[in-house]
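User: Please take a close look at one part of this model, the place where protein and DNA meet, and then follow the contacts into the protein itself. A connected account would suit me better than a list.

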There are 2 protein chains.
Amino acid sequence: MANNALLDRSFAACSHPIRRSILERLAQGEMTVGQATRDFGVSKPAISKHLKVLEEAGAIVRVIDGRTHRLQLQERSLDDAYSWLTQQRELWERKLDTVERYLREQREIKPPPKEPK
Amino acid sequence: MANNALLDRSFAACSHPIRRSILERLAQGEMTVGQATRDFGVSKPAISKHLKVLEEAGAIVRVIDGRTHRLQLQERSLDDAYSWLTQQRELWERKLDTVERYLREQREIKPPPKEPK
DNA sequence: GCTATTGTTAACCTTATGGCTAACAATGCG
DNA sequence: CGCATTGTTAGCCATAAGGTTAACAATAGC
């Protein structure tokens, strides 16, 4: 139950469709704030807030270039969220394997009765 | 920018430390609502709400057993969130590879000047 | 130096989130 | 039956989230 605020923010960042769209778009290459505003059909302040959420989650960075801001995916963007999900899946699959092995061993020790009839 | 409400809910479900703790705990094996309430130091209604969020995200299921509810991880729990992150990483890494290949090709076509002295 | 462009900040509104207590429903057990 | 146990629901509160418009700041270009 470690206090991991960055992980909170990473998952929260991914929980909004506009923010996921921004990340998908940035995986293809950088874009400016203005382009994002035009593409996603919300006002400039709305995009500005989404970008702040993404930055504070360590998902994107911006390069200020004159009056335009070029947005890019951050190195190791969302690695922490990915790692948490991966580890969680591993634990869960290991658990399932254990259960399955247990059931298999039970069958070997005490095999089910022969086909009736 | 597909309208994917389940993905929204999956990521939102993971964005709260208590909910992540519940999922981590359930990867070890099932627990009851009462155990969760005792372990995570919030009221019963608070846990009840968290569980609802996790259920609506398809992350857990409950087996009602008399008056106690046994909580379990759902099959393929959070697969959609995991898939989205995985695909996003692949796109991003492919993009980086492309950039790197481009730079390498540039070097081959027009090699840098020999070491100055 | 003006004016257009690009983006943020301020202020506001509405809805959602996360917590609580108190009351209710349903099951288990003496 | 009567009472304890297990959870949910209802109602309330405070704060966060997501959106808007209007105003501001800073750069670009004439």
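Analyst: A polar side-chain atom of Arg67(A) lies 3.3 Å from a base oxygen of DNA strand D, a polar contact in the sense of a pair of N or O atoms within 3.5 Å (within protein, one must be able to donate a hydrogen and the other to accept it, and residues adjacent in sequence count only if both atoms are side-chain atoms). This is a predicted model, in which local features need pLDDT of at least 70 and side-chain atom pairs count only at pLDDT 80 or more, whereas totals for chains, interfaces and linings use all residues. Residues are numbered from 1 along each chain as its sequence is written, chains are lettered from A and ligands numbered from 1 in the order in which they are written, and side-chain values use heavy atoms, with hydrogens and water left out.

The backbone of DNA strand D is also reached: a polar side-chain atom of His50(A) lies 2.4 Å from one of its phosphate oxygens, and a polar backbone atom of Gly34(B) is 2.6 Å from a phosphate oxygen of DNA strand D. The elements giving two or more residues to the surface near this strand are helix H2 (17-28) and helix H4 (44-56) of chain A, together with helix H3 (33-40), helix H4 (44-56) and strand E3 (68-73) of chain B; helices (H or I, at least four residues) and strands (E, at least two) are DSSP runs numbered from the N terminus. H4(A) gives the most to this surface, with 4 residues. There are 21 residues around DNA strand D, of which Ser43(A), Lys49(A), His50(A), Gly34(B) and Arg62(B) come nearest. Sugar and phosphate account for 61% of the atoms of DNA strand D that come within 4 Å of the protein, and a residue is called near a strand if one of its heavy atoms lies within that 4 Å. By class, the surface has 6 nonpolar, 9 polar and 6 charged residues, where Ala, Val, Leu, Ile, Met, Phe, Trp, Tyr, Cys and Pro count as nonpolar, Asp, Glu, Lys and Arg as charged, and the others, Gly among them, as polar.

For DNA strand C, the nearest of the 21 surrounding residues are Gly34(A), Arg62(A), Ser43(B), Lys49(B) and His50(B). Of the atoms of DNA strand C within 4 Å of the protein, sugar and phosphate make up 62%. A polar backbone atom of Gly34(A) is 2.6 Å from a phosphate oxygen of DNA strand C, and a polar side-chain atom of His50(B) lies 2.4 Å from a phosphate oxygen of that strand. A base is reached as well, since a polar side-chain atom of Lys44(A) lies 2.8 Å from a base nitrogen of DNA strand C. H4(B) supplies the largest share of this surface, 4 residues, and the classes come to 6 nonpolar, 9 polar and 6 charged residues.

Helix H4 of chain A, which carries Leu51(A), leads from the DNA into the protein. Leu51(A) counts as buried because its relative accessibility is 1%, buried meaning under 20% relative accessible area, exposed over 50% and partly exposed in between (1.4 Å probe, protein chains only). Leaving aside residues up to four places away in sequence, Leu51(A) touches Ile22(A), Val33(A), Ile60(A), Arg62(A) and Leu71(A), a contact being heavy atoms within 4.5 Å. Among these partners, Leu71(A) is 20 residues from Leu51(A) in sequence and 8.9 Å away in space, C-alpha to C-alpha. Chain A as a whole has 5 helices and 3 strands, in the pattern α-α-β-α-α-β-β-α along the sequence, and 32% of its 117 residues count as buried.

In chain B, E3 belongs to an open sheet of 3 strands in the order E1-E3-E2, with antiparallel pairing; strands pair if DSSP finds at least two bridges between them. The edge strands, each pairing on one side only, are E1 (31-32) and E2 (60-65) of chain B. E2(B) and E3(B) pair over 6 bridges in the antiparallel sense, and the bridge partner of Val63(B) in E3(B) is Arg70(B). Helix H2 (residues 17-28) of chain B packs on this sheet, touching E1, E2 and E3, and its direction makes about 90° with that of E3(B); such angles run from 0 to 180 degrees between N-to-C directions, the axes being lines fitted to C-alpha atoms, for helices over the stretch in contact.
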